[in-house]
Amino acid sequence: MSGNWSTFEDLRSALAADAAPVKPLRIAPRLVPPAVLAVLVLATVMLSLFGLRTDIAQLGNLWLFVPSVLELAVALMLIGVGLREAIPGLGGHRTMMWMGVAIGGMMQIVTAVLTHWRSPGPHVPAATSLGAVALCLLMELLLALPLLVIGFRILGQGLSTRPVRGGVCIGIGAGLAADSLWRMFCPVADLEHVFRAHLSSVVVAVAIGALVGSVWDHLRLRAWHRSFPGRRS
Amino acid sequence: MTSSDAESGHSDSVEAAVGERAVFIQEMLSNAMVAYQGGSLDAFEPVYEHLLPRLLRYLRSLTLDKAYADDLVQEAFLQLHRSRHTYVPPRPVEPWAFGIARHVFLMDRRSGVRRARDRHESLSEQLPVPSAWERWAQRATLQQALAEIPDIGREPLLLHHLWGFSFAEIGHLLGLRPGTVKVRAHRALQRLRAMVGETP
């Protein structure tokens, strides 16, 4: 659709085919309800499959749930920061993006250290085996997947000028949210295991977010080129 | 009351009137956008009339090519229409619209479509100049000096001094920290003034 509009009437004719009412893209109402619902559903599934972590008696309900709720809240905030990229003229700067990654990483580390301090448990050599690390890494990435999908769906509903930055923030948020869930079920508090498996999954989630943002940017650039052919000499 | 007091008072009242008018325009645009999002194309007319000259000048300052900018502004309004749901009231309309125009410019430039430039067209003539600067030098001189300033300084300079965006708004638009925007705009202004022989 292209044209030469010297007056509003000319433009109006071009736009008349698509003039249906639209709802403003408000991030919080589109993010929080489905994200919380996804977390609750996943928690229910994890509970039925694995049961809560075996050291819950020593850890206590307070140390089990409060850090996870805090992690989840920070995770949703980080995704929200990334989704500002969906609103033209409202995006963030690169330092903000890296600050988000640092905050997410520190949150995971502090939670792990405090949980270990509260319930150190015996060192379990098997917990640092490649199989155990891979299992936890995979579980956290699976748990991150719904929030990655929700985040990118909202980003796609907007007009992002910097989708990679948005993707990185969505990735760190989804990774942290997944950690907030999985730490309630993973029976190992051993710090070596947590840093190898759980922290690594957060890093991988960031990389996935950046990759999805990059691929998406590339695809829409190609679509842009195809959609405006023959305009130039 | 001395004459300088009278002048100062007059200047204050002019500034206040300009500020009130800016607020009025902003509210008008925001209300029009809400109606536009509700399905009324007619409500978009005042938004279009207000944005068209500004977006055109902005795109000319980015492209330094009148015909290219004219082309891009058409696409910008198409994209603006497709993305009308991304405007979130009661935020200011102009930063949002400039964000879309900039997106259109960057996508077009990145898509690698090369355009034959009219060799007889002067690049600097496309650059807008705030009228307040014309006390330093003639318009053509200012335009030539602006053309020599790198994009990374010229864009924040014009966004702030010509279109009145705050450093925070420019930061959101360009993906930079407000402090970085302020420094770049300041350095560009210093350089411009030095080039036209204007001592601060």
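A salt bridge is here a side-chain nitrogen of Lys or Arg within 4 Å of a carboxyl oxygen of Asp or Glu. By that criterion, three salt bridges are counted between chain B and chain A. The model is a predicted one, and the tour below starts at the boundary between these two chains.

**Stop 1: a salt bridge.** Select B:Asp42 together with A:Arg12. These residues form a salt bridge in which the closest N and O atoms are 2.7 Å apart. Then widen the selection to the side of chain B that touches chain A. The elements of chain B that give two or more residues to this side are helix H1 (3-37), helix H2 (44-63), helix H3 (66-82), helix H4 (93-110) and helix H7 (167-174). Colour the selected residues by class: 22 are nonpolar, 14 polar and 12 charged.

**Stop 2: the whole interface.** Display both partners in full. In chain B, 48 residues are in contact with 48 residues of chain A. Between them the chains bury about 4,400 Å², with 59% of this area on carbon and sulfur atoms. Next, pick out B:Leu41, B:His85 and B:His172, which supply 14% of the area that chain B buries against chain A, more than any other three residues. Polar contacts may be drawn as dashed lines; 12 residue pairs make them across this interface, both residues being at pLDDT 80 or more.

**Stop 3: the nonpolar cores.** Select B:Phe44, B:Phe77, B:Trp133, B:Leu146, B:Leu159 and B:Leu192. Within the largest nonpolar core, which has 65 residues, these six touch the most other members. H2(B) gives this core its largest share, 10 residues. Centre the view on B:Leu146. Leaving aside residues up to four places away in sequence, B:Leu146 touches B:Leu127, B:Pro128, B:Val129, B:Trp133, B:Arg154, B:Leu157, B:Leu158 and B:Leu192. Apart from the largest core lies another, of 53 residues, with A:Ala38, A:Leu64, A:Leu181 and B:Val88 among them.

**Stop 4: a serine in a loop.** Move to chain A and select A:Ser160, in the loop between helix H5 (130-157) and helix H6 (163-182). Is A:Ser160 buried or exposed? The relative accessible area of A:Ser160 is 1%, so this residue counts as buried, the cut-off being under 20%. Show its neighbours: with residues up to four places away in sequence set aside, A:Ser160 touches A:Glu85, A:Ala86, A:Leu155, A:Arg220 and, from the other chain, B:His103. Finally, add the backbone of A:Arg162, whose nitrogen is reached by the side chain of A:Ser160 at 3.4 Å.

Definitions and conventions:
Residues numbered from 1 in each chain as written. Chains lettered and ligands numbered in written order. Predicted model: local features only at pLDDT ≥ 70, side-chain atom pairs only at ≥ 80, totals over all residues. Heavy atoms only, no water. Contact = heavy atoms within 4.5 Å. Buried area = accessible area lost by both parts, 1.4 Å probe. Polar contact = N/O pair within 3.5 Å; in protein donor to acceptor, adjacent residues only side chain to side chain. Helix = DSSP H or I, 4+ residues; strand = E, 2+ residues; numbered from the N terminus. Nonpolar A, V, L, I, M, F, W, Y, C, P; charged D, E, K, R; others polar. Core = buried A, V, L, I, M, F, W, Y, C linked by side-chain atoms within 4.5 Å. Buried < 20%, exposed > 50% of the residue type's maximum accessible area, 1.4 Å probe, protein only.
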